[in-house]
There are 2 protein chains.
Amino acid sequence: MRKIAESTVRRLSLYLRFLEEFEHQGIETVSSEALAARGGTTSAQVRKDLSFFGSFGKRGLGYSVAELVGKLRDILGLGRHYRVAMIGAGKIGSALVQYRGFKTRGFEIVHIFDTDPAKIGREWNGLTVRDVRQMATEFERLPVDIAVIVTPAEAAQAVADRVVKLGITAILNFAPAQLTVPDDVVVKTVNLALELEALSYALTNR
Amino acid sequence: MRKIAESTVRRLSLYLRFLEEFEHQGIETVSSEALAARGGTTSAQVRKDLSFFGSFGKRGLGYSVAELVGKLRDILGLGRHYRVAMIGAGKIGSALVQYRGFKTRGFEIVHIFDTDPAKIGREWNGLTVRDVRQMATEFERLPVDIAVIVTPAEAAQAVADRVVKLGITAILNFAPAQLTVPDDVVVKTVNLALELEALSYALTNR
DNA sequence: CTAGATTTGTGAAACATTTCACAAAAGCTC
DNA sequence: GAGCTTTTGTGAAATGTTTCACAAATCTAG
């Protein structure tokens with residue numbers, strides 16, 4: 001498949017969110033103009049984004065909300081179920097396991113690991129926190145698709161190396177560290193420090 | 001000042017992080033090549049990014065680590081102190097107030113608000129959780145520079161409208177909602193659902 | 001069924017970002 | 001200090017993304 005820009009994929013996610021709102025409100029069709037207005041973009045952008053994947057609209061009428069929701073779910077790969085391992089049972093990890101957005105989008109946390117003996121063995125949302133050293137055996141018992149790294153920055157690269165060696169090809173990283181991984185592994189990093197500094201820059205330069 | 005791309009600002013933040021590492025290791029000078037290698041980019045990109053703000057290097061030698069750290073801090077506006085109000089005392093909020101990266105970068109949380117009577121009045125990291133209805137008076141007593149929105153998606157827009165009316169011009173939004181604000185207000189959104197779906201897309205299309 | 005109004009889908013143009021490539025500056029060696 | 005090496009800073013080229021603008025398709029009203 002032709003390479004699609006990251007920015008396009010993110011907008012598709014947003015469109016999906018808005019379409020679900022519209023669906024909830026009982027709206028049956030929507031124009032690129034209306035969808036753009038909801039998301040702060042332009043109608044041409046919406047049509048271009050969708051055109052990379054096919055033509056889903058009807059000229060003169062717009063898009064069927066239900067149909068487009070389905071198409072976007074397919075494009076984004078949300079039809080299936082993903083098993084997730086969380087590595088790090090600290091504060092952020094604690095917040096994440098309780099985040100409902102995971103489950104509603106088909107992402108299920110099936111393992112939690114930590115190195116701290118005080119945490120290992122504890123129950124967390126129905127899951128027992130395991131020793132990271134048991135990762136290999138646990139992954140064999142119940143394989144996962146995605147690793148979420150929620151460790152301190154210092155430990156993040158070592159954890160990444162480890163899960164990659166165990167065959168994981170998708171990582172969501174919350175540690176404020178730049179991970180180096182092989183080309184075939186996808187990493188998305190959420191770095192709070194970067195956001196704060198981007199805000200600081202914007203506040204300073206105007 | 002000439003408009004600088006968001007992507008450039010984010011890379012500057014990364015460079016700063018790496019330079020601090022180098023400084024910690026006692027390294028005194030660094031080439032654009034070495035900096036690029038650490039961050040997975042190219043030396044030309046590093047030089048171009050820096051060139052928007054001046055010339056900080058010495059030909060044949062590279063950059064003084066200490067000097068470049070100082071310059072980047074200035075550019076990013078990290079010399080000053082920012083006061084932050086957190087709106088929403090839920091799970092994510094709880095994780096955030098304990099995040100050390102805030103304080104070490106000069107961001108100090110000085111207010112926490114919520115609507116839940118069960119939470120109002122509680123002590124959180126030395127701060128008392130206040131009723132959101134007291135926001136106006138609290139801001140008057142102790143003004144803030146940045147609002148961090150950590151409410152459910154449904155409440156986020158109303159909270160944004162409110163803080164904007166109270167004069168806030170910078171928002172860090174963790175609610176999975178697209179906020180609409182006036183042009184002079186800066187918003188950075190951290191949307192976990194978007195990251196998950198970008199991962200899902202990457203896993204699906206290859 | 002016709003005429004007018006909408007709205008899509010998409011090449012082409014405009015704009016933005018990244019990469020290239022090289023002169024100029026500075027360091028290093030003998 | 002001459003000659004060789006390294007590395008910056010930056011126009012120009014290449015590449016990538018967004019916006020424009022319009023033909024084609026479909027709908028709506030009478």
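# A tour of two chains and two DNA strands

Select chains A and B together: 44 residues of chain A are in contact with 44 residues of chain B. What you have open is a predicted model.

**The side of chain A that faces chain B.** Colour these elements of chain A: H1, helix H5 (91–97), strand S9 (170–173), strand S10 (186–189) and helix H9 (192–204); each gives two or more residues to the side that touches chain B. Then keep H9(A) alone, which supplies the largest share, 13 residues. Coloured by residue type, this side of chain A divides into 25 nonpolar, twelve polar and seven charged residues.

**The two copies.** Next, superpose the chains. A turn of 180° with a shift of 0.0 Å along the axis lays chain A on chain B, with an RMSD of 0.1 Å. The two copies are therefore related as by a two-fold rotation axis. Both copies use the same surface, as 100% of the contact residues of chain A recur in chain B.

**One residue at the contact.** Select B:Lys188, which lies in strand S10 (residues 186–189) of chain B. Is B:Lys188 buried or exposed? Neither term applies: B:Lys188 counts as partly exposed because it has 19 C-beta neighbours inside 10 Å, while a buried residue needs 20 or more. Leaving aside neighbours within four places in sequence, show the contacts of B:Lys188: A:Glu195, A:Ala198 and A:Leu199 in chain A, and B:Leu172 and B:Asn173 in chain B. For a distance to check in the viewer, pick the C-alpha atoms of B:Lys188 and B:Ile171; they are separated by 6.4 Å, and the two residues are 17 apart along the chain.

**A sheet in chain B.** Move to the three strands of chain B that form an open sheet in the order S1-S3-S2, with antiparallel pairing. The edge strands are strand S1 (29–30) and strand S2 (57–58) of chain B, and each of them pairs on one side only. Between S2(B) and S3(B), which run antiparallel, there are two bridges. To find a bridge pair, select B:Lys58, whose partner in S3(B) is B:Gly62. Now add helix H4 (residues 65–76) of chain B, which packs on the sheet and touches S1 and S3 of chain B. The direction of this helix makes about 75° with that of S3(B).

**DNA strand C.** Show DNA strand C and the 28 residues that surround it; the closest are A:Ser55, A:Gly57, A:Gly60, B:Ala5 and B:Gly60. Two or more residues each come from helix H2 (32–39), H3 and strand S3 (62–64) of chain A, and from helix H1 (6–24) and H3 of chain B. Which element gives the largest share of the surface near DNA strand C? H3(A) does, with six residues. By type, the surface near DNA strand C holds eight nonpolar, 13 polar and seven charged residues.

**DNA strand D.** Finish with DNA strand D. Of the 28 residues around this strand, A:Ala5, A:Gly60, B:Ser55, B:Gly57 and B:Gly60 come nearest. Colour helix H1 (6–24) and helix H3 (43–51) of chain A, then helix H2 (32–39), helix H3 (43–51) and strand S3 (62–64) of chain B; each supplies at least two residues of the surface near DNA strand D. Here H3(B) makes the largest contribution, six residues. The surface near DNA strand D is made up of eight nonpolar, 13 polar and seven charged residues.

Methods:
Residues are numbered from 1 along each chain as its sequence is written. Chains are lettered from A and ligands numbered from 1 in the order in which they are written. This is a predicted model: local features need pLDDT of at least 70, side-chain atom pairs count only at pLDDT 80 or more; totals for chains, interfaces and linings use all residues. A residue is near a molecule or strand if its C-beta atom, placed from the backbone, lies within 6 Å of it. Helices (H or I, at least four residues) and strands (E, at least two) are DSSP runs, numbered from the N terminus. Ala, Val, Leu, Ile, Met, Phe, Trp, Tyr, Cys and Pro count as nonpolar, Asp, Glu, Lys and Arg as charged, and the others, Gly among them, as polar. Two residues are in contact if their C-beta atoms, placed from the backbone, lie within 7 Å. A residue is buried if 20 or more other C-beta atoms lie within 10 Å of its own, exposed if 12 or fewer, and partly exposed in between; C-beta atoms are placed from the backbone. Copies are superposed by least squares on the C-alpha atoms of residues with pLDDT of at least 70 in both. Two strands pair if DSSP finds at least two bridges between them. Axes are lines fitted to C-alpha atoms, for helices over the stretch in contact, and angles run from 0 to 180 degrees between N-to-C directions.
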